[in-house]
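Here are some exercises to work through with the model open beside you. Try each task before you read its solution.

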Amino acid sequence: MEDVQLSYSQQGQDLILLDLFRNYSKGIYVDIGCNDPIKLSNTYLFYKMGWSGIAIDAEYHFENKWIKYRKRDRFIDAAISKIGGKINFYRFFDDTTSTTDETTMRRNKENFGEVVEQLTVDSIPAEKILIENDIPENFELLCIDVEGKDHEVLESINLRKYRPKVILIEIKLFNFLQPKQSSIVNFLYQQNYTMVVKTPLDGFFVDKSQDLGWIPDQMLKG
């Protein structure tokens with residue numbers, strides 16, 4: 001009996017990424033808003049395959065689990081912002097809904113209950129972390145899921161310098177008939193990325209200037 005491929009992601013995002021990286025045996029990921037090292041992780045499947053990288057989250061209590069279960073990775077306890085400095089972090093009982101974004105916080109209070117803890121945390125531009133951790137400019141995978149601040153995280157990286165081959169980023173309330181209504185889609189199109197896959201929560205963007213080794217040119221045009 002053949003083994004069934006196990007997905008650790010919420011909506012099978014890791015299996016989609018595995019297909020995109022079908023010609024890669026190893027690589028480097030940067031997982032921003034990483035949360036738990038295994039549960040609902042978009043990168044744990046790749047860790048098991050021998051990949052490694054850095055994981056960033058303001059949920060400080062995950063650090064020991066990352067140290068225990070993902071020894072090749074480095075966990076960084078921080079929030080990400082374009083400028084850096086001290087910002088508010090709102091923790092919810094469901095830690096996947098914790099956020100630094102006040103609008104998202106108010107919406108989550110209506111849907112998930114009261115904030116269980118409000119902290120003042122350090123925020124750092126993502127590019128500063130890439131530099132300090134010697135991440136190569138053409139690394140393979142950038143994952144972003146920060147509950148309302150995803151566009152700001154993108155803007156904290158110079159995407160003319162750092163060119164992740166694939167960017168997986170949360171995009172909610174997406175309209176397929178009017179994709180450019182999304183500020184994230186607009187921004188990434190301007191940076192020479194194109195969306196090749198969309199799940200209910202996330203968009204998968206490929207760098208049009210790099211070759212994953214199999215994607216037809218027709219999928220990268222436009």
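**Exercise 1. Find the residue whose side chain meets D73 in a salt bridge, and decide whether the two are buried or exposed.**

Step 1. Apply the criterion: a salt bridge is a side-chain nitrogen of Lys or Arg within 4 Å of a carboxyl oxygen of Asp or Glu. The partner of D73 is R70, with 2.9 Å from N to O.

Step 2. Check the burial, where buried means under 20% relative accessible area, exposed over 50% and partly exposed in between (1.4 Å probe, protein chains only). Both D73 and R70 are buried.

A word on the source: this is a predicted model, in which local features need pLDDT of at least 70 and side-chain atom pairs count only at pLDDT 80 or more, while totals for chains, interfaces and linings use all residues. Residues are numbered from 1 along each chain as its sequence is written, and side-chain values use heavy atoms, with hydrogens and water left out.

**Exercise 2. Work out where the partners R106 and E102 lie, and where E140 and K165 lie.**

Step 1. Start with R106 and E102, whose closest N and O atoms are 3.8 Å apart. Both sit in helix 4, 4 residues apart, or about one turn of the helix. (Helices, H or I of at least four residues, and strands, E of at least two, are DSSP runs numbered from the N terminus.)

Step 2. Look at their accessibility. R106 counts as partly exposed because its relative accessibility is 46%, and E102 counts as partly exposed because its value is 42%.

Step 3. Turn to E140 and K165, a salt bridge with 3.6 Å between the closest N and O atoms. This pair links distant parts of the chain, 25 residues apart: E140 is in the loop between helix 5 and strand 7, and K165 in the loop between helix 6 and strand 8. E140 is buried because its relative accessibility is 12%; K165, at 11%, is buried too.

Step 4. Finish with the wider picture. Shared partners join E59, R91 and E117 into one network of salt bridges, and the total count is 15 salt bridges.

**Exercise 3. Identify which element gives the largest share of the largest nonpolar core.**

Step 1. Define the set: a nonpolar core consists of buried Ala, Val, Leu, Ile, Met, Phe, Trp, Tyr and Cys residues joined through side-chain atoms within 4.5 Å. The largest has 31 residues, and V30, I32, L154, I167, I169, L188 and F205 touch the most other members.

Step 2. List the contributors. Elements giving two or more residues include strand 1 (28-32), strand 8 (166-170) and helix 7 (183-190). The largest share, 4 residues, comes from helix 7.

Step 3. Take I169 as an example, with contact meaning heavy atoms within 4.5 Å. Beyond its neighbours within four places in sequence, I169 is in contact with residues including I144, L154, L188 and F205.

**Exercise 4. Describe the lining of the second largest pocket by class.**

Step 1. Set the rule: on a 1 Å grid over the protein atoms alone, a pocket is an open set of points where a 1.4 Å probe fits, with protein on both sides within 12 Å along at least five of seven lines; lining residues have an atom within 4 Å of a point.

Step 2. Sort the lining, with Ala, Val, Leu, Ile, Met, Phe, Trp, Tyr, Cys and Pro as nonpolar, Asp, Glu, Lys and Arg as charged, and the others, Gly among them, as polar. The second largest pocket has 5 nonpolar, 9 polar and 8 charged lining residues.

Step 3. Place them. Helix 4, helix 6 and helix 7 each supply at least two of these residues.
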